[in-house]
Each structure stands twice: as structure tokens, then as C-alpha cells.
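Q: Could you go through this one with me before I set anything up?

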Protein chains: 2
Amino acid sequence: VIPTLPAAIDTPALVVDLEIVEANIERMQRELASRGVALRPHTKTHKIVRLARMQLDAGAAGITVGTLGEAEVMVSGGIRDVFVAYPVIAIGPKAGRLRDLHDRAELIVGVDSAEGARALSAAVAGASGQLRVAVEIDSGQARTGVAPADAPDIARVARDAGLEVAGVFTHGGHAYAAPERVASAAADEVASLAEAAAALRAAGFETPMVSAGSTPTALLSATGAVTEHRPGTYVFGDRQQVALGAIRPQAVALHVAATVVSAHEGRFVIDAGAKTLTKDIAPYLPGYGAIPAWPNAMIERLSDYHGVVTLPHGEPGPQVGDVIAVVPNHVCPVVNEFDTLLIVREGRPVDRWPVDARGRNG
Amino acid sequence: VIPTLPAAIDTPALVVDLEIVEANIERMQRELASRGVALRPHTKTHKIVRLARMQLDAGAAGITVGTLGEAEVMVSGGIRDVFVAYPVIAIGPKAGRLRDLHDRAELIVGVDSAEGARALSAAVAGASGQLRVAVEIDSGQARTGVAPADAPDIARVARDAGLEVAGVFTHGGHAYAAPERVASAAADEVASLAEAAAALRAAGFETPMVSAGSTPTALLSATGAVTEHRPGTYVFGDRQQVALGAIRPQAVALHVAATVVSAHEGRFVIDAGAKTLTKDIAPYLPGYGAIPAWPNAMIERLSDYHGVVTLPHGEPGPQVGDVIAVVPNHVCPVVNEFDTLLIVREGRPVDRWPVDARGRNG
């Protein structure tokens with residue numbers, strides 16, 4: 001699928017096909033609804049209030065964010081139901097920020113330690129409503145989260161500190177290790193959440209929220225005890241999601257437009273480097289992105305402002321001045337590099353949207 | 001060297017010790033002056049007008065930038081002598097931007113192709129002064145630039161198109177491949193530039209500008225025919241520069257302040273992830289950054305907002321809520337992730353400086 005880029009574009013730029021975005025939003029909503037699972041999209045992918053509203057208008061039950069900064073932007077944009085799926089440690093300046101958000105929105109915050117629970121409690125001391133928390137479960141990624149059997153320990157500390165325990169959540173991020181790991185990571189999400197929810201119920205907690213989350217696992221782990229899912233990347237898609245089988249190549253809605261600035265025997269150089277494409281790689285993907293119009297090309301090296309692309313011996317490359325489309329490996333950090341997205345319909349620019357929470361990474 | 005971080009800091013944050021920055025600026029200026037070589041620092045590292053002014057006040061002959069966006073910010077900040085060390089293709093919106101910069105400043109622009117030279121010429125058609133260009137030479141990195149013997153071909157196209165050929169430049173970026181490559185990359189810079197300059201003189205061109213550039217090679221290739229050097233990273237330093245032997249550990253002026261948000265057997269998690277530290281790695285450096293206070297720790301994996309740090313078996317780690325300092329592998333893309341730097345003296349905050357050209361990557 002070779003996208004049509006607008007003429008006279010200033011590069012590097014992010015070009016988003018709005019029709020594909022709309023289809024991606026509609027499809028994920030329909031798929032999860034058909035499974036009886038709520039969709040709470042992770043908005044760290046796009047960081048744009050307007051896109052979050054499109055997701056809510058399509059039927060999302062609320063949104064997910066990864067940082068207080070993202071929550072502040074979304075709440076200021078009028079969105080009220082916000083889950084901060086991160087073990088926020090509400091100390092120092094973050095205590096006041098958390099308290100402000102709690103006063104302004106229907107907040108749910110992740111917790112995976114007694115220290116985290118106590119800091120959240122102290123931050124909202126004296127507030128009118130109880131702060132809701134969700135206990136993070138490690139379903140196999142070995143990042144944050146506790147073992148399912150330990151969920152009641154954290155929940156008790158939270159309850160004793162005056163917090164409302166809303167349920168449990170996990171992120172089966174080990175799905176990203178390889179295409180053949182996706183199905184087992186999804187199964188891990190379901191099993192770990194079921195075990196944690198059962199342990200909480202046995203300990204006297206209600207668990208209305210049993211939340212799984214990732215784009216590759218979204219259609220696989222929206223089952224069993226799971227009540228909601230938090231995919232994010234599906235809205236734009238990227239090379240990694242295609243490789244993992246999570247989306248079709250036609251569902252990639254965002255491309256990096258880059259200009260060929262230099263051409264030599266066997267290689268050419270584009271003006272999308274590490275400050276655009278980022279150095280995100282995956283063991284099952286060669287190079288730093290795909291170039292649909294030059295499928296045999298490999299983006300082999302990145303400097304800050306240079307992408308060095310190699311070609312098989314003898315294959316002619318593009319000319320200096322040509323503008324080409326790149327599918328980034330991982331779209332989330334790429335969007336965070338840009339202040340605006342160029343919105344197109346049928347290859348024609350129709351708008352420019354600010355990336356509202358760009359840089360709000362804490 | 002374990003830096004002192006300010007109390008009650010909101011993380012992730014970039015903390016810059018101004019005394020170390022001042023010493024780094026003074027030292028590089030003195031070292032190059034003692035070799036009779038002009039310093040034209042690459043400001044893509046800091047993207048801050050105020051820091052560029054400090055470098056000029058210390059004796060720099062002008063500044064280097066990597067993009068028209070950086071040039072626009074620096075020129076708007078009152079800086080006039082700007083070298084865009086990049087093969088700018090001045091087509092589409094970039095033609096008008098290049099022309100505006102040429103009208104407002106003493107610009108020099110890189111060129112490595114006939115197409116690039118002709119586009120620059122067309123962009124400044126009718127302007128009062130001639131645009132100066134420098135021919136980029138490939139000294140071994142195999143990125144942009146032409147072979148030294150081909151410099152006259154590009155220079156002739158540029159001259160025939162009405163541009164003034166100021167000289168030649170190169171970036172011995174292959175120095176970054178390994179510590180043992182630095183000396184030979186520096187020698188490559190000197191030899192390639194000397195050959196190119198001689199070829200240009202033989203073809204009837206003056207070459208007042210013979211410009212080498214990188215922090216690891218700065219003190220090694222400021223010799224022979226080289227008239228100026230363009231190091232950038234020396235101003236802040238980073239883990240890579242220490243490993244390459246370019247700076248001492250004490251010269252690292254910038255640290256990422258991060259909070260421990262989760263702790264488990266054998267690992268802990270900090271709130272500096274891929275949108276903060278970036279996924280820049282080097283084959284001779286384990287992990288995504290160094291933690292001076294925990295020298296045996298490895299930042300093994302990054303998600304957008306998580307840095308997963310592993311510890312040797314049995315070694316106790318920091319506590320949830322602890323704030324730790326991280327030395328990033330490569331500081332340039334990290335600075336580009338932040339809107340501001342927290343400026344400290346003796347561990348105390350004294351100011352907050354905007355990263356003026358943050359995101360101006362094209």
C-alpha cells in the first residue's frame with residue numbers, strides 16, 4: 001500500500017489519513033462491543049483531545065493515559081473519565097497535580113506498591129470524593145505490577161488508606177517480543193487478571209474493572225473475566241503492529257513524509273532521522289521503518305537528522321528531492337516528536353491538528 | 001560522580017549543572033584556540049539561544065545548526081553567523097524559508113549534489129547577496145557527502161548556479177562506532193578535507209572554510225588543513241562521550257532526574273522511558289543509560305514511560321519514591337524531548353531555560 005502524499009509538503013512531517021483513522025476507531029469499537037468488553041483507548045499514542053473525543057463519540061467507555069501530564073491535557077479538553085494506567089507516585093509536585101485532577105475529573109489511578117497507595121492517599125487527603133485505584137498485575141512482561149496472588153495485599157493497603165479499589169489491570173507487553181508470542185501473551189492477560197480478580201473477591205473486594213491492554217492482544221484477550229481493554233496504537237497503526245498481525249497494512253493511517261536529501265551508489269539519505277523516526281526497533285523488523293514505495297530498501301542507520309537507506313546491489317533508488325512515505329516501527333514515540341499532524345483525506349490536506357499532550361511525559 | 005539533584009523535583013526532568021556547562025564551553029574554546037582552529041559549535045545538542053550566545057561570548061566564530069528550523073530560531077534570537085551543516089534541499093516550503101534566512105543572516109549551507117545546489121540557487125534568485133555553500137565530503141561515515149576528488153564537480157555546479165563556494169566540511173561520524181575508531185576517524189577527517197581542499201584549489205576555488213566536526217574527534221582533527229571544528233555534544237556530555245574518551249565523567253553536565261515508581265525482586269522501574277531517554281544505544285554500552293548511584297544497575301528495557309532497571313542477583317535497589325540521576329547514552333535526542341531544562345548551581349535550581357528549537361527538526 002503506497003500512500004499518496006500531499007504536494008509541496010515541508011518535511012519531515014506526519015501525515016494522517018483521517019478516513020483510515022475513522023475506520024480504525026469504528027472497527028475496534030465494534031469488535032470489542034461484539035465481545036461485550038468496554039473499550040478504554042490508550043491516548044498516549046495520539047495525545048490529541050480531538051481524537052480522544054472521536055473515540056468517545058464512537059462508544060469508548062472512557063480513556064486511558066500514561067502520565068499526569070496527559071491526564072491534565074485531556075481533562076482540560078473536557079474529558080472526565082480518565083484512567084492513569086501507571087503506578088503514579090504522588091510525591092513532590094505530583095501530589096498537588098494528582099489532587100487537582102481528582103477534584104476535576106473521574107480519575108482512576110494505577111497502584112502496585114504500598115508506598116504508591118499511601119502517597120496517593122496523602123495527596124487526596126480531605127478531598128470530597130474517594131480516589132479510585134486499580135491494582136496493576138504483572139501478566140508476564142516483568143515490568144510494573146504485582147503477581148496476581150499479591151493483589152489483595154496492595155488492595156488492603158489502599159483500602160486502609162481510604163482509597164476505593166476499582167479493580168485490576170495489566171498490560172501484556174510481552175506480546176511485542178515476537179509475532180508468535182501474541183497469542184500466549186493474550187492468554188496470560190486473561191489468566192492473570194482472572195486469578196487476581198478472584199483473589200480480590202475472596203478478600204472481600206468488588207472488582208468492577210478488570211482491564212487488559214495492548215493493541216496486539218486486543219481482539220484475543222477481550223474475553224473471560226476481562227471487562228475492558230486499553231489498546232492505543234490501533235488508531236494509527238505502525239510497522240510493528242502489521243508484523244505482529246494486529247492490523248492489516250491498509251490500516252496504517254500515519255506516515256512520515258521525508259525528502260531524499262542525498263543519493264549515492266547503493267544508498268540514499270532522507271531527512272527523517274532519530275529525532276523523527278526514533279531508534280525504536282524490533283528483533284523481527286530490519287531497520288528503522290518501512291518505505292512502501294521501495295520495499296527492498298532498508299533504513300539502516302539514523303543520525304539526528306539523517307536516515308541512511310541502503311538498497312540491494314544494482315537496484316536504482318529515488319532521486320534527490322523526491323518525497324517518500326515511511327511507516328515508522330512504533331508510532332507512539334514518533335507522534336511525541338511533532339507539534340502537529342497534517343490531516344489528509346484522499347491525499348489532500350484538510351487540516352493541521354496540534355499534538356496537545358506532546359512532551360507531557362511525566 | 002553522583003550528582004546532587006534538587007529536592008521536590010517533578011520527574012522526568014533534565015537537570016543541567018551550569019558550572020560544568022561553563023567549564024565545558026571554556027575548555028573546548030581554549031583547546032581549539034591553542035591549535036589555531038576556530039570553534040563553530042553545533043547547537044543541535046542544546047537548541048537554546050542563550051547557550052549559543054554563551055558559546056559565542058566565549059570566542060566561537062559562529063554556530064552550526066542541522067535544520068532550517070534551528071537556523072530560524074537562532075537567527076530570530078539575534079545570531080547572525082549560521083552554518084547549516086546539512087545538504088538542504090530547498091524545494092517546496094523550504095525554498096521560501098531558505099530565502100528568508102539568507103536575507104536575515106550570514107548563512108552558509110551544505111551541499112552534496114547538483115540538484116541541491118540548483119535548488120539553493122533558485123531559492124535565492126534575485127537576492128542582494130550571494131549565498132555561500134560548503135561542499136560536504138564523506139570522510140568514511142558513508143552517510144551524506146561526496147568523495148574528496150568529486151568536490152570540484154559539485155563546486156562548479158554551485159558556482160555556475162551563482163552560489164559562492166566557501167569551502168568544504170565533513171563529519172567523521174564513524175568515530176562513534178567504537179572507542180578504538182575515534183583516532184582513525186579523526187585522521188580520516190583531516191586527510192579527506194585536505195584532499196578535497198587541494199582539489200578545489202587546483203580547480204580554481206578558494207577554500208577559506210575547511211570544517212571538521214564531532215565531539216570525539218574535536219581535539220584530534222583540529223590540525224593540518226582544518227580551519228574550524230563543529231563539536232556539539234561537549235557542552236553537556238553524555239555516557240557515549242565518556243565511553244569514547246572524549247570527555248571525563250566529571251564533565252557530564254546534564255542528568256535525567258527520574259523517580260523509582262515500582263520495585264520488585266531483581267529490578268526496579270523508573271519514570272524515564274523511551275519518550276525521555278530515547279532508545280539510542282551503542283554496541284559498547286549496555287542498556288539505555290547509566291545510573292551513577294547504582295553502577296551495577298542496567299537500564300535493560302524501555303517502554304514509553306517506563307525504564308526497567310535490573311540489578312545483579314541479591315543486590316538491593318533503591319526504594320519506591322527515590323529520585324535518581326541517569327546519564328543518557330546520547331544527549332542530543334534527549335534534550336529534544338523536553339520543553340525546558342532545569343538549571344542548577346551546586347545542586348540548587350537557579351533557573352528554567354526553554355529549549356527554544358525543540359521539535360524544529362526540519
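The chat below takes up the contact between the chains, the symmetry, the cavities and the cysteines of this predicted model.

Q: How many residues does the contact take from chain A and from chain B?
A: In this predicted model, the contact takes 58 residues from chain A and 58 residues from chain B.

Q: And what area do they bury between them?
A: Chain A and chain B bury about 4700 Å² between them, and 49% of that area lies on carbon and sulfur atoms. On the side of chain A, 15% of the area buried against chain B is supplied by A:Tyr86, A:Arg143 and A:Tyr305, which is more than any other three residues supply.

Q: Why do the copies meet through the same surface?
A: Of the interface residues of chain A, 100% are also interface residues in chain B, so the same surface is used by both copies.

Q: Which rotation superposes chain A on chain B?
A: A rotation of 180 degrees does, with 0.0 Å of shift along its axis and an RMSD of 0.0 Å. The two copies are therefore related as by a two-fold rotation axis.

Q: Which C-alpha in chain A is nearest the axis?
A: That of A:Lys279, which is 2.6 Å from the axis. A:Lys279 also appears in the lining of the largest cavity.

Q: OK, cavities then: how many are there in the whole structure?
A: A search of the whole structure finds 4 cavities of 30 Å³ or more, and the largest cavity has a volume of about 50 Å³.

Q: What lines the largest one?
A: Chain A contributes A:Ala274, A:Thr278, A:Lys279, A:Asp280, A:Pro333 and A:Glu337 to the lining, while B:Ala274, B:Thr278, B:Lys279 and B:Glu337 come from chain B. The lining residues divide into 3 nonpolar, 2 polar and 5 charged.

Q: Different topic: how many disulfides over all chains?
A: The count comes to 0 disulfides over all chains.

Q: Is Cys332 buried or exposed in each chain?
A: A:Cys332 counts as buried because its relative accessibility is 1%, and B:Cys332 counts as buried at 0%, the cut-off for buried being under 20%.

Note on methods
Residues are numbered from 1 along each chain as its sequence is written. Chains are lettered from A and ligands numbered from 1 in the order in which they are written. This is a predicted model: local features need pLDDT of at least 70, side-chain atom pairs count only at pLDDT 80 or more; totals for chains, interfaces and linings use all residues. Side-chain values use heavy atoms; hydrogens and water are left out. On a 1 Å grid over the protein atoms alone, a cavity is a set of points where a 1.4 Å probe fits but cannot get out, and a pocket is an open set with protein on both sides within 12 Å along at least five of seven lines; lining residues have an atom within 4 Å of a point. Grid points are joined across faces, edges and corners, and a volume is the space filled by probe spheres set on the points. Ala, Val, Leu, Ile, Met, Phe, Trp, Tyr, Cys and Pro count as nonpolar, Asp, Glu, Lys and Arg as charged, and the others, Gly among them, as polar. Copies are superposed by least squares on the C-alpha atoms of residues with pLDDT of at least 70 in both. Contact means heavy atoms within 4.5 Å. A disulfide is a pair of cysteine sulfur atoms within 2.5 Å. Buried means under 20% relative accessible area, exposed over 50%, partly exposed in between (1.4 Å probe, protein chains only). Buried area is the accessible area (1.4 Å probe) that two parts lose on being put together, summed over both.
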